[in-house]
Amino acid sequence: MPVTYIVDTSRKLIQTTCTSPLTLADVIGHFRTLKDDPACVGQLDVLLDVSDADAVPGTDQLAAVGAEIAANRMKVQFGVCAIVAKRDAMFGMMRAFAVTGERFFAAIQVFRGAAEAEAWLGSQRTAEGHPRY
């Protein structure tokens, strides 16, 4: 499956991995699955890894993803989002998504590696010396 995820309820985190071959239909299907997942409720942060996805989305596809995120907001409120994108083209498109998608997240950042993405997530959670939740 090109899009897999785990909802870690103890960490209040959705960990999503996208692999090849990845299509817009796969991504849209993922958000619709999240909408039906009983574990996907409340406020959740997101760790998205697109390192193994070869298809770089176009701006029109990013807009469609934004619409799906908006459709889930009645059930789940997304906190911070860390995106891992190692390849240059995907990194650039995910940065573009971060600009257009910032209205859906408390903060969103794109990283080249998983370790720095996880560190940033941790720093966002403990800002000001206490957990955000």
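**Entry 1: His30 and Thr16**

I looked up His30 and found it in helix 1. The model is predicted, so I read every value here as computed. His30 has 8% relative accessibility and counts as buried, because the cut-off is under 20%. Leaving out residues up to four places away in sequence, I found His30 touching Val3, Tyr5 and Thr16.

Thr16 was the next stop. I placed Thr16 in strand 2. Is Thr16 buried or exposed? At 5% relative accessibility, Thr16 counts as buried. I then listed the contacts of Thr16, again without neighbours within four places in sequence. They are Val3, Thr4, Tyr5, His30, Leu47, Leu48 and Asp49. I note that Val3 and Tyr5 appear in the list for His30 and in the list for Thr16.

**Entry 2: Thr19 and the cis bond**

I stayed in strand 2, where Thr19 is found. Thr19 has a relative accessible area of 25% and is partly exposed. Beyond its neighbours within four places, I found Thr19 in contact with Met1, Pro2, Asp52 and Ala53. I also checked Thr19 against Ser123, which is 104 residues away along the chain. Their C-alpha atoms are separated by 27 Å.

Which residues does a cis peptide bond join? I found the bond between Ser20 and Pro21, with omega about -5°. Pro21 sits in the loop between strand 2 and helix 1. Most peptide bonds are trans, so I flagged this one.

**Entry 3: Asp26**

I followed Pro21 to one of its contacts, Asp26. Asp26 lies in helix 1. Its relative accessibility is 26%, and Asp26 counts as partly exposed. Apart from neighbours within four places in sequence, Asp26 is in contact with Pro2, Val3 and Pro21. I also looked up Asp26 and Ala53, which are 27 residues apart along the chain. The C-alpha atoms of Asp26 and Ala53 are separated by 12 Å.

**Entry 4: Lys12**

I looked for backbone oddities and stopped at Lys12. Lys12 has a positive phi of about 50° although it is not a glycine. Most residues other than glycine have a negative phi, so I made a note of it. Where is Lys12? I located Lys12 in the loop between strand 1 and strand 2. Lys12 is partly exposed, with a relative accessible area of 34%.

**Entry 5: helix 1 against helix 2**

I turned to the helix pairs. The axes of helix 1 and helix 2 come within 9 Å and cross at roughly 5°. That makes helix 1 roughly parallel to helix 2, because angles under 35 degrees count as such.

From helix 1, I listed Leu24, Val27, Ile28, Phe31, Arg32, Leu34 and Lys35. They meet Gln61, Ala64, Val65, Glu68, Ile69, Ala71 and Asn72 in helix 2. I sorted the residues of this contact into nine nonpolar, two polar and three charged.

**Entry 6: helix 2 against helix 3**

I checked the next pair. Helix 2 and helix 3 pack at an angle of about 45°, with their axes 10 Å apart. That makes helix 2 oblique to helix 3. I recorded the crossing of helix 2 past helix 3 as right-handed.

Which residues make the contact? Helix 2 supplies Thr59, Leu62, Val65 and Ile69. Helix 3 supplies Met93, Met94 and Phe97. I count six nonpolar, one polar and no charged residues in the contact of helix 2 with helix 3. Val65 and Ile69 of helix 2 are listed in the contact with helix 1 and in the contact with helix 3.

**Entry 7: the cores**

I ended with the interior. In soluble globular proteins, nonpolar side chains tend to be buried together. Here, the largest nonpolar core has 32 residues. Val50, Ile69, Ile83, Met94 and Phe105 have the most contacts inside this core.

I looked up the elements that give two or more residues to this core, and among them are strand 2 (13–19), helix 1 (24–36), helix 2 (59–72) and helix 3 (88–101). Which element gives the largest share? Helix 3 does, with six residues.

I took Val50 for a closer look. Setting aside neighbours within four places in sequence, Val50 is in contact with Cys18, Ile83, Val84, Ala85, Met90 and Met94. I also found a second, separate core of nine residues, including Leu13, Leu47, Ala82 and Val84. Val84 is thus a residue of the second core that is in contact with Val50, one of the residues with the most contacts in the largest core.

Definitions and conventions. Residues numbered from 1 in each chain as written. Predicted model: local features only at pLDDT ≥ 70, side-chain atom pairs only at ≥ 80, totals over all residues. Heavy atoms only, no water. Core = buried A, V, L, I, M, F, W, Y, C linked by side-chain atoms within 4.5 Å. Buried < 20%, exposed > 50% of the residue type's maximum accessible area, 1.4 Å probe, protein only. Helix = DSSP H or I, 4+ residues; strand = E, 2+ residues; numbered from the N terminus. Contact = heavy atoms within 4.5 Å. Axes fitted to C-alpha atoms, helices over the stretch in contact; angles between N-to-C directions. Parallel < 35°, antiparallel > 145°, perpendicular 65-115°, else oblique. Left-handed = near helix turned anticlockwise from the far one by under 90°. Nonpolar A, V, L, I, M, F, W, Y, C, P; charged D, E, K, R; others polar.
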